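Student: I have a new structure to look at, and I would like to learn how to read it. Could you walk me through some features?

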Amino acid sequence: MVSDVFANLATGFSVAFSPVNLLYCLLGVTLGTAIGVLPGVGPLVTIAVLLPLTFGLPPEASLIMLAGIYYGAAYGGSTTAILVNLPGESSSVVTCIDGYQMARQGRAGAALAIAAIASFAAGCVGTVLIALFGPLLGGLALEFRSPEYFSLMLMAMVLTAALAHGSLLTSIGMAMLGVIFGLVGTDVTTGVERLTFGLSGLGDGLEFVVVAMGLFALAEIVANLDRPEGAREVFTSEVTGLMPTRRDLRTAFGPILRGTAIGSFFGILPGAGQTISSFAAYLFEKRVSRTPERFGEGAIEGVAAPEAANNAAAQTAFIPTLTLGVPGSATMALVLGALMIQGIAPGPQVIVQHPTLFWGLIASMWIGNLILVLLNLPLIGLWVRILRVPYHVLYPAILVFSSIGVYSVASSTLDVLVAAVFGVLGYLFARAGCAPAPFILGFVLGPMIEENFRRSMILSRGDPMIFLVNPISATFLLIAALAILAMIVPSFRRRKDEALQEEAA
Amino acid sequence: MRLTVTRDLLAGLLFLGLGGGAALMSSSYRFGTILRMGPGFFPVTLGLMVALIGLVVTARAIVAPDGSPPVGTIRLRPVLLVSASVVVFALLVERLGLAAAVAALVVVGSLAGPGLTVRGAVAKVVVLVAIAVAIFVYGLAIPFKVWPW
């Protein structure tokens, strides 16, 4: 079994190490970081904007470049979090706390370097874990039938809703709305066109990239333009002493290991695994530290642990996405969308049917992580310069890339118009304090949820108890119920609100 | 009593409108039974659930307006011009080609933000058209109509 893993990884590396694919990986990491560091451009927008660049490539190269973009975007987000105190997504909120304090003390270089090293270490472990458990879970997933799938997706949506900012009720509403928008188009079972407003161009449903671009990229631009400019501090001039001291490394060693363990565990859970894991890792370090009072004042452990956890979770999150076809986060949903555009239906079969692709992707994740470290340590100065680009120069460029990207998915002007509509909708949601993450997850899962619910009902002759009788399905539902309960208990909710308040601001 | 538009109120109304609208549109599709779900089953059920959530959130916002922060002034200029710029791009890209569509997009989009000068706009147009053509037409070889002629 272990030798299998190595044989498989060897296959993967032989795919990923081809010079062309290596080049795409490098390109992906560079572009991902360059766009990801831009303030006001979160990892999700980065991926959405860069996704069309991968469409024209063969499947392996396309996914390898995507993996590069994914890591680059995540690391770029951490850079912005540390230097500008501006978290790009909820999982980098914690990095802001101590990372920004380190930057204020003139130790931005050390913070950025530790973040890169922690990410790399966690990525290495995560890669091995995927190689070990991916096929295992894929085998288990072969046993899954529609009740298990339905409950799994329901759990993913509930967890995402529970951890999103804003009230639980509106987040659940957003997830449901997402499902409704996911149903737009021809119903697979009956052939009826639903909710298309009579537009034949919507017969195949709304394109994922279109919705994501409108809801995230366009809405974010409008929200940024709405906000008075100039309130931000950027620590750019002091980024000099890049290398962490030996003492830094020794202090960060334990937190990196523990963060990796915590992140790997939570990442497998579909639904906001990354956010939970970075919080959990931070709180855990603070708990075990002999000097907890340093946390919040620029403790290097406070950067190392959540960054390791975040990246380990980002890595293991590929396991449910690839083997079950159930994305655990909005970002993973984008990756899933890219897979589908390449004509690959993720699921238990993917490992068997596309072994070079699966293992190539895993190998390229590791290579992506490696390139990230090699690239970022010398290039931090460049990213800092990009950070200084004023927003009024930046956003027209994002608009151009988004629009061309949306158009190039299917050469459809209707898609571009739909993206504009979702831009307005996304802006209204943002002003109403409704989190878009549950919406986008619901949107992706919508058709699958309906289909699996329908099949479950046929299996059970219309008895909804099937979801509770089946033990695996019941476990998923129990976890979902516990998450809802936890959010209703005031002390838990307060802790979440405190942790997320910066993101909501 | 003056009604302040709080975040909750806006959220509630959005849910009511979108959920109710979806349920209404889907009411013409066959509903079916839980055993044999018709195409209307899911959208109608979910639409009504969303509308119900909207009702609860709206009611909560009206009864206890202090429970959520006010929406504040919505400035129409950014939201309208940003979406308009994308719409303009969509309308022009197949008729006049990529270069003209990008140029129009940049001009309209730039009007949405602060600090626009004629020189700045010209510079942005030239640079972004060049980048777009270089990356998408030459780099990725996507078959675009580039120029109007």
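Tutor: Gladly! Let us start with one term: a residue is called buried when its relative accessible area is under 20%, exposed when that value is over 50%, and partly exposed in between. Keep in mind that this is a predicted model. As a first case, A:Arg431 and A:Asp226 are both buried.

Student: What links A:Arg431 to A:Asp226?

Tutor: A salt bridge does. The general idea is a side-chain nitrogen of Lys or Arg within 4 Å of a carboxyl oxygen of Asp or Glu. For A:Arg431 and A:Asp226, the closest N and O atoms are 2.7 Å apart.

Student: Where do A:Arg431 and A:Asp226 sit in the chain?

Tutor: A:Arg431 belongs to helix 19 (residues 413–431) of chain A and A:Asp226 to helix 10 (residues 208–226) of chain A, so their pairing ties together parts that are 205 residues apart in sequence. A:Asp226 also takes part in a salt bridge with B:Arg75, at 3.5 Å from N to O.

Student: How many salt bridges are there between chain B and chain A, and how many over all chains?

Tutor: Between chain B and chain A the count is one. Over all chains it comes to twelve.

Student: What else can I read from the contact of the two chains?

Tutor: Look at who takes part and how much area is covered. Chain B brings 64 residues to the contact and chain A brings 61 residues. Together they bury about 5,400 Å², with 80% of that on carbon and sulfur atoms. There are also ten residue pairs in polar contact across this interface.

Student: Which elements of chain B give two or more residues to the side that touches chain A?

Tutor: They are helix 1 (7–26), helix 2 (41–63), helix 3 (76–93), helix 4 (98–111) and helix 5 (118–139) of chain B. Helix 2 of chain B gives the most, with eleven residues. By type, the residues on this side of chain B divide into 46 nonpolar, twelve polar and six charged.

Student: Back inside chain A, which salt bridge should I look at next?

Tutor: Try A:Glu285 and A:Arg258, whose side chains meet at 2.7 Å, N to O, in a salt bridge. A:Glu285 is in helix 12 (residues 273–288) of chain A and A:Arg258 in helix 11 (residues 246–268) of chain A, so this pair ties together parts that are 27 residues apart in sequence.

Student: Are A:Glu285 and A:Arg258 buried or partly exposed?

Tutor: Use the cut-off from the start. A:Glu285 has 3% relative accessibility, so it counts as buried. A:Arg258 has a relative accessible area of 33%, so it is partly exposed.

Student: What about a salt bridge within one helix?

Tutor: Here is the general idea: an α-helix has 3.6 residues a turn, so residues three or four places apart point the same way. In this structure, A:Arg454 and A:Glu450 both lie in helix 20 (residues 436–459) of chain A, four residues apart, about one turn of the helix. Their salt bridge has its closest N and O atoms 3.8 Å apart, and both residues are buried. Through shared partners, salt bridges join A:Asp187, A:Arg194, A:Glu450, A:Glu451, A:Arg454 and A:Arg455 into one network.

Student: How can I check the length of a helix?

Tutor: Compare its span with what 1.5 Å a residue predicts. The 18 residues of helix 8 (residues 146–163) of chain A should span 26 Å, and the end C-alpha atoms are 26 Å apart, which agrees. For the 15 residues of helix 9 (residues 168–182) of chain A, the expected span is 21 Å, and the end C-alpha atoms are 21 Å apart, which agrees too.

Student: How many residues of helix 8 and helix 9 of chain A are buried?

Tutor: Helix 8 of chain A is mostly covered, with 17 of its 18 residues buried. Helix 9 of chain A is mostly covered as well, with 13 of its 15 residues buried.

Student: Which residues does A:Ser402 touch?

Tutor: Leaving out residues up to four places away in sequence, A:Ser402 touches A:Val49, A:Met213 and A:Ala217. A:Ser402 lies in helix 18 (residues 391–410) of chain A, and its relative accessible area of 2% makes it buried.

Technical notes
Residues are numbered from 1 along each chain as its sequence is written. Chains are lettered from A and ligands numbered from 1 in the order in which they are written. This is a predicted model: local features need pLDDT of at least 70, side-chain atom pairs count only at pLDDT 80 or more; totals for chains, interfaces and linings use all residues. Side-chain values use heavy atoms; hydrogens and water are left out. The expected span of a helix is 1.5 Å times one less than its number of residues. Buried means under 20% relative accessible area, exposed over 50%, partly exposed in between (1.4 Å probe, protein chains only). Contact means heavy atoms within 4.5 Å. Buried area is the accessible area (1.4 Å probe) that two parts lose on being put together, summed over both. A polar contact is a pair of N or O atoms within 3.5 Å; within protein, one must be able to donate a hydrogen and the other to accept it, and residues adjacent in sequence count only if both atoms are side-chain atoms. Ala, Val, Leu, Ile, Met, Phe, Trp, Tyr, Cys and Pro count as nonpolar, Asp, Glu, Lys and Arg as charged, and the others, Gly among them, as polar.
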